[in-house]
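Biologist: Thanks for sitting down with me. Could you take me through this structure piece by piece?

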Amino acid sequence: MTASNPTPLTSDDDWWRSAVVYQVYVRSFADSNGDGVGDLRGVRERLPYLRDLGVDALWLTPFYTSPMVDGGYDVADYRDVDPMFGTLTDFDAMITDAHALGLRIIVDLVPNHTSSAHPWFTAALAAAPGSPERARYLFAEGRGVDGELPPNDWESIFGGPAWTRVPDGQWYLHLFDPAQPDLDWRHPEVRAEFEDVLRFWLDRGVDGFRIDVAHGMIKAEGLPDVGFSSMTTGRRQSELLGKGRLPYFDQDEVHEIYRAWRPILDSYPGGRMAVAEAWAETPQRLARYIGPDELHQAFSFDFLEATWSADSFRKVIDTALAEATIVGAPTTWVLSNHDKRRHVTRYGDGEVGLRRARAASLLMLALPGCAYLYQGEELGLPEVLDLPDELRQDPSFLRTGESRDGCRVPIPWSGELAPYGFGPEGSEPSWLPAPATWAALSVAAQSGVPGSTLELYRTALGIRHSHPALGPDAGEVNWLETTGPGVLAFRRAAGEAELTCVVNLSDAEVLIDGYGRPVAASAELTEQGAGHVLPVDAAAWFDRR
């Protein structure tokens, strides 16, 4: 194979330490051919928008060959592009253009499970129990008189048993949908296969990988029962882990995999990196995924789950920064993603939710480390809660009634009517319908409009890149005394340059004085004497040099 762009974007091996990464849910980003589904050409056409927004890298959700049972997280071919999204030629052209614009590309890797349509699994179903083909997956005999009961009490993250029985009587494990059979990562062929997959995409020029279910590939020997008396289906993984380490998550042996991957990443120039989507029982165990001999980053979901209070944010930030110091790696901040309800809605929806979401974004972007943005958050998009049931495609919806489709509705680009420029004029409706209220939230409607959420993000990202106190060599967070318990304020400095971030999470406006001149604010500030009045649910940055 000839790689399209085997050289790195720059020689900055540490670019990921302070990068702003924009998550592109490919299916919902931009549709180039008018079929109602986003694709790689659509991403390529919108790259200038992302450059102008001010992000450093894109994280692309899976675009591989897939039956799309779980939005592409059921992969049938790890080395090709699904026709829904285009071709490998489209991918090569996209990454070439991205690098030319100064944007790096991170791709999703799904190693815990394959699609049931993957050639390995179809061969396993056609083979007999105990065959080499079945050894790549986790097949087991059932319990009960005739093996009619699942091998253990494990439940799927999507609800229901984590086991499905095949006609010859054996059962196979799937921690997610039955169409996503789990691989046996103790099998040498599995490990060799994914090491080759890494090299395939690194040769094509990708700058990094987001590792899906990075904590799940190794299951405890003997597949023991969980033993929880009443596990609620669909419950968050973190809640389950809080009861103790699960036999299918965060097993010590999983770190052997990443210690084998790190030399592969390091053998390519330009700072190729990997970030783990990992859940662990304690912050200390999560930190084990990060280090010079394992992965570069692991998502910190505590920030996303912080409640709207000064105490909650302060505790999460302090804990994350302390952990980052221990492992010598930057914290990764995130407010929304393709699996979670958008933070506008989590913070109260409507005007209140939007005010708080804008303030939280300024808080996040002022912190040291790497920030991950989810597409559309720069437009202030809320969760779409009233999608017709017949249009929902999240496999967990059918099993639990819980759906992630509301955060995956295609983003609005322009126009007064859906699908708001998502595809060419006269194209098919988007695969999930956008609300009528989104006309006012489109890129075109917000571009150049002072005070819009889009312009707030553009301003904040521009300052983050240009202000010394927010750069990679800036100092850490220095908390300041504030006017009340509901107000957070911290300063970061680099030489003579200082930037102070103030967030008002109280129920009354506050007077801010002595921090310098305001350079960004999530809500309009009012001058009062030598200071400024910061409204409720608002944040502002102050510059002093």
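Biologist: Let me begin with a detail: in which loop is the place of Val-213?

Modeller: Happy to help, and please keep in mind that this is a predicted model. Val-213 has a positive phi of about 45° although it is not a glycine. Its place is in the loop between β9 and α6 (237-241).

Biologist: Is Val-213 buried or exposed?

Modeller: Buried means under 20% relative accessible area. Val-213 has a relative accessible area of 3%, so the residue falls on the low side of that cut-off and is buried.

Biologist: Stepping back, how does the radius of gyration of the protein agree with that of a compact globule?

Modeller: The C-alpha atoms fill a box of roughly 80 × 50 × 45 Å along the principal axes. For 545 residues, a compact globule would have a radius of gyration near 24 Å, and the protein agrees with a value of 24 Å.

Biologist: What share of the contacts with a separation of 6 or more comes from residues 24 or more positions apart?

Modeller: For background, 60% of the 545 residues count as buried, and the protein has 15 helices and 21 strands. Among contacts with a separation of 6 or more, the share from residues 24 or more positions apart is 68%.

Biologist: Now the sheets. Which strands stand at the edges of the open sheet of eight strands?

Modeller: The order is β11-β10-β9-β5-β2-β1-β13-β12, with parallel pairing. A strand with a single partner has one side left without a neighbour in the sheet, so the edges are β11 (297-298) and β12 (332-334).

Biologist: Which residue in β13 is the bridge partner of Trp-333?

Modeller: β12 and β13 (residues 370-374) run parallel and are joined by three bridges. In β13, the partner of Trp-333 is Ala-371.

Biologist: Which helix touches β1, β12 and β13?

Modeller: This helix packs on the sheet, and its direction makes about 150° with that of β13. On β5 (104-109), β9 (208-211) and β10 (273-276) lies another element, α7 (residues 254-266), running at about 160° to β9. The helix touching β1 (20-24), β12 and β13 is α12.

Biologist: How far apart are the end C-alpha atoms of α12?

Modeller: α12 covers residues 350-366, which makes 17 residues. At 1.5 Å a residue the helix should span 24 Å, and this agrees with the distance in the model, which is 25 Å.

Biologist: Which strand does α12 run at about 40° to?

Modeller: Buried residues of α12 include Gly-353, Ala-357 and Leu-362. The helix lies across β15, β16 (497-504), β18 and β21 (538-544). The strand at about 40° is β21.

Biologist: Those strands bring us to the sheet of five. Which are its edge strands?

Modeller: The five strands form an open sheet in the order β14-β15-β16-β21-β18, with antiparallel pairing. An edge strand here pairs on one side only, and these are β14 (478-479) and β18 (517-521).

Biologist: In the hairpin of β15 and β16, which residue takes a positive phi near 65°?

Modeller: β15 and β16 pair in the antiparallel sense over eight bridges, and Val-487 stands opposite Asn-504 in β16. The hairpin has two residues between the strands, and the positive phi belongs to Gly-495.

Biologist: Which residue in β21 is the bridge partner of Leu-499?

Modeller: β16 is mostly covered, with seven of its eight residues buried. β16 and β21 pair in the antiparallel sense over seven bridges. The partner of Leu-499 in β21 is Asp-543.

Biologist: What is the relative accessibility of Tyr-420?

Modeller: Tyr-420 lies in the loop between α13 and α14, as does Pro-419, whose peptide bond from Ala-418 is cis with omega near 10°. Phi of Tyr-420 is near 55°, a positive value in a residue other than glycine. Tyr-420 counts as buried, at a relative accessibility of 1%.

Biologist: One last residue: what does Val-384 touch, not counting residues up to four places away in sequence?

Modeller: Val-384 sits in the loop between β13 and α13 (395-400), and with a relative accessible area of 6% this residue is buried. The C-alpha atoms of Val-384 and Arg-341, 43 residues apart along the chain, are separated by 9.1 Å. The residues Val-384 touches are Gly-406, Val-409, Pro-435 and Trp-438.

Technical notes:
Residues are numbered from 1 along each chain as its sequence is written. This is a predicted model: local features need pLDDT of at least 70, side-chain atom pairs count only at pLDDT 80 or more; totals for chains, interfaces and linings use all residues. Side-chain values use heavy atoms; hydrogens and water are left out. Helices (H or I, at least four residues) and strands (E, at least two) are DSSP runs, numbered from the N terminus. The expected span of a helix is 1.5 Å times one less than its number of residues. Buried means under 20% relative accessible area, exposed over 50%, partly exposed in between (1.4 Å probe, protein chains only). Two strands pair if DSSP finds at least two bridges between them. Contact means heavy atoms within 4.5 Å. Axes are lines fitted to C-alpha atoms, for helices over the stretch in contact, and angles run from 0 to 180 degrees between N-to-C directions. The radius of gyration is taken over C-alpha atoms; the globule rule is 2.2 Å times the number of residues to the power 0.38.
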